[in-house]
Amino acid sequence: MMIKTPAEVNQIKQSCQILARVMTELKSMVRPGLSTAELNQAAEDLIAQAGAEPSFKNYNGFPAALCTSVNEVIVHGPPTDYQLQSGDIVSLDLGAFYQGFHSDMAITVPVGSIDGQSERLIYVTEEALMRGIEAVKPGGYLGDIGQAISEYVWQQGFDVVRELCGHGIGRSVHEEPDVLNFGRSGQGLMLKPGLVICLEPMVTIGRAQIKLAADGLSYVSQDGSRSAHFEHTVAVTEEGVDILTQMS
Ligand code: MG
């Protein structure tokens, strides 16, 4: 069901708050020399300690809990022995399953000191997510979200990935509706209280043409330019929007 009851929204929020705490911890661990496999192990341990399970492990063949997408990798990077280096950017995408309900969020984190354009990429991608969230209100439309995100990204001279999108969430990690990162205001599904969706802009410095990498899991930019990814799970409320995965 696309529209959740208040009790269901509350349960999704509990899952989301576990996830936000885990993500805060993972963010603080990122440093040069740490491998992405070590980050994944920490994610698995922290989720288990919270009494939850990882949503993505073994989902569509993904081998781990945490997606670790470095530099030109856009999403779905599997953890490896690769040790993060100063100057890298790494996107962490994680889902939790707690008492029957999923949560999903992503952040992009700088490793050590990064160049100015990468810094701006991270800033613009997070701001694009926030502008998308600001467009979420009862009586609004999915197209309002897509337009707010894409218009802002293009104004900043970056590009937004169109082959991948956000989604509904609840008892399954990916539910209806698709939440596109482009579109036209006033078009698409009307937003109603109880709709719980994941907004997740993926932004590239160059053109947002994507391809599957040799590992068969990662999506990378065709031109090799860097990419960032931010995601929140949000609920449409009577008043507007509640960011369920808000990091405190
Ligand atoms: Mg997602």
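Which residues have the most contacts inside the largest nonpolar core? I began my entries with this question, keeping in mind that the model is predicted.

**Entry 1, nonpolar cores.** I looked up the largest nonpolar core and found that it has 55 residues, with Leu-26, Leu-92, Leu-94, Ile-145 and Leu-199 making the most contacts inside it. From this list I followed Ile-145, which, leaving aside residues up to four places away in sequence, touches Gly-132, Ala-135, Val-136, Val-179, Leu-191, Ile-197 and Leu-199. Apart from the core of 55 residues there lies another, of 14 residues, which includes Ile-12, Phe-56, Ala-235 and Leu-244. I note as background that nonpolar side chains tend to be buried together in soluble globular proteins.

**Entry 2, the magnesium ion.** I then asked which residues coordinate the magnesium ion. The donors are Asp-104 through OD, His-167 through NE2, and Glu-200 and Glu-231 through OE, at 2.1 to 2.3 Å. I wrote down their spacing in sequence as D-x62-H-x32-E-x30-E. Asp-104, in strand S5 (residues 101-110), and Glu-231, in the loop between strand S13 (227-229) and strand S14 (232-236), are 127 residues apart, and this pair links distant parts of the chain. I also checked the accessibility of both: Asp-104 is buried, with a relative accessible area of 1%, and Glu-231 is likewise buried, at 0%.

**Entry 3, Asn-71.** Next I looked for Asn-71 and located it in the loop between strand S2 (66-70) and strand S3 (73-75). Is Asn-71 buried or exposed? With a relative accessible area of 12%, Asn-71 counts as buried, because the cut-off for that term is under 20%. A polar atom of the Asn-71 side chain lies 2.9 Å from the backbone nitrogen of Ile-89. When I listed the contacts of Asn-71, again without residues up to four places away in sequence, I found Asp-88, Ile-89, Arg-226 and Ser-227.

**Entry 4, cysteines.** My last search was for disulfides, and the structure holds zero of them. Why does Cys-16 form no such bond? The closest cysteine sulfur to that of Cys-16 is in Cys-198, and at 7.3 Å it is too far for a bond, since a disulfide needs the two sulfur atoms within 2.5 Å. For Cys-165 the closest cysteine sulfur is also in Cys-198, at 11 Å, which is again too far for a bond. As for their surroundings, I recorded Cys-16 as buried, at 0% relative accessibility, whereas Cys-165 is partly exposed, at 25%.

Conventions. Residues are numbered from 1 along each chain as its sequence is written. This is a predicted model: local features need pLDDT of at least 70, side-chain atom pairs count only at pLDDT 80 or more; totals for chains, interfaces and linings use all residues. Side-chain values use heavy atoms; hydrogens and water are left out. Donors are N, O and S atoms within 2.8 Å of the metal (3.2 Å for Na, K and Ca); water is not among the atoms, so sites may look incomplete. Helices (H or I, at least four residues) and strands (E, at least two) are DSSP runs, numbered from the N terminus. Buried means under 20% relative accessible area, exposed over 50%, partly exposed in between (1.4 Å probe, protein chains only). A polar contact is a pair of N or O atoms within 3.5 Å; within protein, one must be able to donate a hydrogen and the other to accept it, and residues adjacent in sequence count only if both atoms are side-chain atoms. Contact means heavy atoms within 4.5 Å. A nonpolar core is a set of buried Ala, Val, Leu, Ile, Met, Phe, Trp, Tyr and Cys residues joined through side-chain atoms within 4.5 Å.
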